[in-house]
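Here is a set of questions and answers on one protein structure. Please look at the sequence and the structure below before reading on.

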Amino acid sequence: MNKLAKKLLFALFALCLLTVVGCQSQSCSQKQTTIDENIYKNLPFSMPKVEQPVFPEYSVSIVSFGAQKGGVFMNTEAINSAIKAVNAKGGGKVIIPEGLWLTGPIELLSNVNLYTEENSLILFTDDFEAYPIIETSFEGLETKRCQSPIFANNAENIAITGFGTFDGAGDSWRPVKKEKLTVRQWNNLVKKGGVVDEAGKIWYPTAGALKGANACKEFNVPEGIETEAEWNEIRPWLRPVLLSIQNSKKVLLEGVTFKNSPSWCLHPLSCENITLNNVKVFNPWYSQNGDALDLESCKNALIINSLFDAGDDAICIKSGKNEDGRRRGQPCENVIVKNNTVLHGHGGFVVGSEMSGGVKNIYVADCTFMGTDVGLRFKSTRGRGGVVEGIYIENINMINIPNEPLLFDLFYGGKGPGEETEEERTANTKTDLPPVTEETPAFRDIHISNVYCKGSGRAIFFNGLPEMPIENVTVKNVVITEAKEGVVLSQADNVTLDNITIETVTPQPALKIKSSKDITVDGKLYKSVDAKGVTMDFKK
């Protein structure tokens, strides 16, 4: 081989090496997220494919804007400056490198992908004053809360991706119930400071937080707080959600971890085309209002391949509360929830109780719940209004569910027929039922199949409203073993139970039906069942 040939060969080898190395660099690693098209096959309803954000190859590091790792320097200005610069450039990627980065609130802007490298930890400050009090929506109601650590409003084409972890410093904000801690944990918590309520049952981080709690007569909206000074005093009570994305389109959360949120963790509100893929959410099991994900009034969404461990509901579908939710009038619709795992939560997959704008076209499949208080949880109450319909659930595996693997509770926060004491039941018979109005919630056209659970409380419970029964529900191919109680249907209409196996830890009837009509059990129709009820076993 002559010298020229050797030089050409060396140059070719160098070019190939540079290509490989270059494609491992940050700029070449940028790709549009591709979702397996099979996820849309055989959907029981029609919905468009969820649009994914696309970003230019341009990228910057927060270090170039003065950010310093180590957990001491406050990087709020550096991170937000980097985001603004990329937004002004027309879009691209803002890189958070490896390291511990302390910061205040981060605002996402259109056409920006906030990319976190491996071993990057973003810690939000526990300084309450860093979070301005703003007008927002929380638990379905218009109110005031502190600015979220991560937020976006009226943005389009945004993402948080990569491998990093976002810690919301929630332990500094949250009240804690004594009953949820060991004696040692409670004593150590009290020694840290803060205040305990008069009953000695709940710890608050500050006296202002306790004052804020006492100002809430119903829900978590303070009443009688008027002046700016009064709002500032209760600021620690106005716990923000860790991530709030409102009125935005083409949103992607992928690969990252969110943990330790002050209240709810992830809260997309009134968004369109939103994807959560391979996301992890962790909150302590004792965290008050520590929901993992609350998808509210969103349209066209994917929640896939993710892991949730929550102090409250895990994967929750909402659409506003009472009059505020009905006035907004935005249902949560066209949602695929697939290939997810829940380690703890009040409910694995949940609809409600804030569903006043309606919920429709939801497909849940191939999910695992381990130790959630309830598995599939549908909840609402009088006053909400709204219609929940077109829900399809299949291939759910569960273990160690303390309460019901499947629950419909239209008396959320209260007692339904059959749940009262004898004195309460006698008093209720003397009261006429409320009329059906816009405030009456409705759950209908719900189809559940291939559900398996080992270890539970009551196997299944339908607890509908007398004036608006749960209707048009099919439950097929269900096996629940080691249950403490069987199935109870109350205030239900046109429900089909087919190929159901219930094994209880003590001998008792597998099924009780009361105050219901048109119930089909293994092909046999029960046209009308009064309040006294009937009990039976399923076919073997």
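Q: In which strand is the place of Leu343?

A: The model is predicted, so local features need pLDDT of at least 70 and side-chain atom pairs count only at pLDDT 80 or more, while totals for chains, interfaces and linings use all residues. Residues are numbered from 1 along each chain as its sequence is written, and side-chain values use heavy atoms, with hydrogens and water left out. Strands (E, at least two residues) and helices (H or I, at least four) are DSSP runs numbered from the N terminus. Leu343 lies in residues 341-344, which is strand 26.

Q: Which residues form a nonpolar patch on the surface with Leu343?

A: Buried means under 20% relative accessible area, exposed over 50%, and partly exposed in between (1.4 Å probe, protein chains only). Because its relative accessibility is 32%, Leu343 counts as partly exposed. A patch takes residues with over 30% relative accessible area and no salt bridge (a side-chain nitrogen of Lys or Arg within 4 Å of a carboxyl oxygen of Asp or Glu); nonpolar side chains (Val, Leu, Ile, Met, Phe, Trp, Tyr) are joined within 5 Å, like charges within 9 Å. With about 210 Å² of accessible area together (Shrake-Rupley method, 1.4 Å probe, only the protein chains shown counting as cover), the patch joins Leu343 to Met370 and Ile399.

Q: Which residue in strand 29 stands opposite Phe349?

A: Strand 27 (residues 347-351) has five of its five residues buried. Strands pair if DSSP finds at least two bridges between them; strand 27 runs parallel to strand 24 (residues 315-318), with three bridges, and parallel to strand 29 (residues 374-379), with four. On the strand 24 side, Ile317 has Val351 as its bridge partner. On the strand 29 side, Phe349 stands opposite Leu376.

Q: Which strand gives the most to the largest nonpolar core?

A: A nonpolar core is a set of buried Ala, Val, Leu, Ile, Met, Phe, Trp, Tyr and Cys residues joined through side-chain atoms within 4.5 Å. The largest has 122 residues, and Phe258, Phe349, Phe378 and Phe462 have the most contacts inside it. With nine residues, the strand that gives the most to this core is strand 32 (residues 442-463).

Q: What separates the C-alpha atoms of Val241 and Ser263?

A: Val241 sits in the loop between helix 5 (228-233) and strand 15 (243-246), and is buried because its relative accessible area is 6%. Beyond four places in sequence, its contacts (heavy atoms within 4.5 Å) include Phe138, Trp264 and Ser263. Val241 and Ser263 are 22 residues apart along the chain, and their C-alpha atoms are separated by 5.1 Å.
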